[in-house]
Amino acid sequence: VTRRIARTLTVEPSAPEQSLYAELSEFLRAGCRRGGEITRMMAQTLQMELGSSPRAAAVTLDLYHGGLRRAEKEDAVRAFEGSARILVSTEAGGEGRNLQFAHGLVNYDLPWNPMRIEQRIGRLSRVGQTRDVHVFNLVAPGTIEETLLEVLDAKINMFELVIGEIDMILGQLTTDQDFEEIVTELWLTAEGPEAFRTRMQALGDQLLAAKLGYLETKALDDRLFGDALAPGAGP
């Protein structure tokens, strides 16, 4: 059985980058609260791009994207399986591609939804993988992504879960909102970074309770049915 080995690398932004992140974050929060031209979706999208890099917030990256034709996508994957050492992909590569011939993943931009993180890892950590999968998460201090990663790693040890378990844990949360929407709501309504961090820690406590609830249910199912209902089990 191969393992998942995750590391978080803190990337210190320059002074102008720190200023841009703080000032634009506050501008987006304030603009969205006033009900002006900045919609929740616009604020969320721009804030997530800003967590990746200022350049990502300014332009749309091209190297693997949804605009590629099917044949071009196949060519990119074949090149990566062959002589190419690195595949740079947008979120379009998070689903539908089997990349178990690779064993290193760099999350340059960290999704706010743990299911999307799982989808990325699942491209590599799947049937046919013969090596441990190394996941490198690049985050800048003081960002939403840093706080999110702290919660997911410290509270539920996300990167040690097997395929399918994060979905089961999130299903235990008593809310109709997507996880991404929950994070956006906490960020928009927080009075500042520390207030947001406090609220995220409370969300982490809910996740921990959900994980414990899932483990209790799984243990009962295992006693009654054996391994037949384990996540990922099947023909």
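## Close-up views of salt bridges and a helix contact

**View 1. Asp109 and Arg120 form a salt bridge, with 3.5 Å between the closest N and O atoms.** This pair joins distant parts of the chain, 11 residues apart. Look for Asp109 in the loop between strand S2 (104-107) and helix H5 (114-122), and for Arg120 in helix H5. Asp109 is partly exposed, at 32% relative accessibility, whereas Arg120 is buried, at 11%. As you explore this and the following views, please keep in mind that the model is predicted.

**View 2. Within helix H1, Arg29 meets Glu26 in a salt bridge.** Here the N to O distance between the two side chains is 2.9 Å. Both residues belong to helix H1 (residues 15-33), where they sit 3 residues apart, about one turn of the helix. Their surroundings are worth a second look: Arg29 has a relative accessible area of 7%, so this residue counts as buried. Glu26, with 36% relative accessibility, is partly exposed.

**View 3. Lys218 pairs with Asp222 in a salt bridge.** The closest N and O atoms of this pair are 3.1 Å apart. Both residues lie in helix H9 (residues 193-225); because they are 4 residues apart, about one helical turn separates them. Lys218 is partly exposed, at 25% relative accessibility, and Asp222 is likewise partly exposed, at 25%.

**View 4. Glu146, Glu150 and Arg197 come together in a network of salt bridges.** If you would like to keep hunting after this view, the structure holds 11 salt bridges.

**View 5. Helix H1 packs against helix H8 (residues 179-189).** Their axes are 9 Å apart and make an angle of about 95°. An angle from 65 to 115 degrees counts as roughly perpendicular, and H1 and H8 are therefore described that way. On the H1 side, the residues in contact are Ser25, Leu28, Arg29, Cys32 and Arg33. On the H8 side, they meet Trp187, Leu188 and Thr189. Sorted by class, this contact has 4 nonpolar, 2 polar and 2 charged residues. You may recognise Arg29 from View 2: this buried residue forms a salt bridge with Glu26 and also takes part in the contact of H1 with H8.

Terms used:
Residues are numbered from 1 along each chain as its sequence is written. This is a predicted model: local features need pLDDT of at least 70, side-chain atom pairs count only at pLDDT 80 or more; totals for chains, interfaces and linings use all residues. Side-chain values use heavy atoms; hydrogens and water are left out. A salt bridge is a side-chain nitrogen of Lys or Arg within 4 Å of a carboxyl oxygen of Asp or Glu. Helices (H or I, at least four residues) and strands (E, at least two) are DSSP runs, numbered from the N terminus. Buried means under 20% relative accessible area, exposed over 50%, partly exposed in between (1.4 Å probe, protein chains only). Axes are lines fitted to C-alpha atoms, for helices over the stretch in contact, and angles run from 0 to 180 degrees between N-to-C directions. Angles under 35 degrees count as roughly parallel, over 145 as roughly antiparallel, 65 to 115 as roughly perpendicular and the rest as oblique. Contact means heavy atoms within 4.5 Å. Ala, Val, Leu, Ile, Met, Phe, Trp, Tyr, Cys and Pro count as nonpolar, Asp, Glu, Lys and Arg as charged, and the others, Gly among them, as polar.
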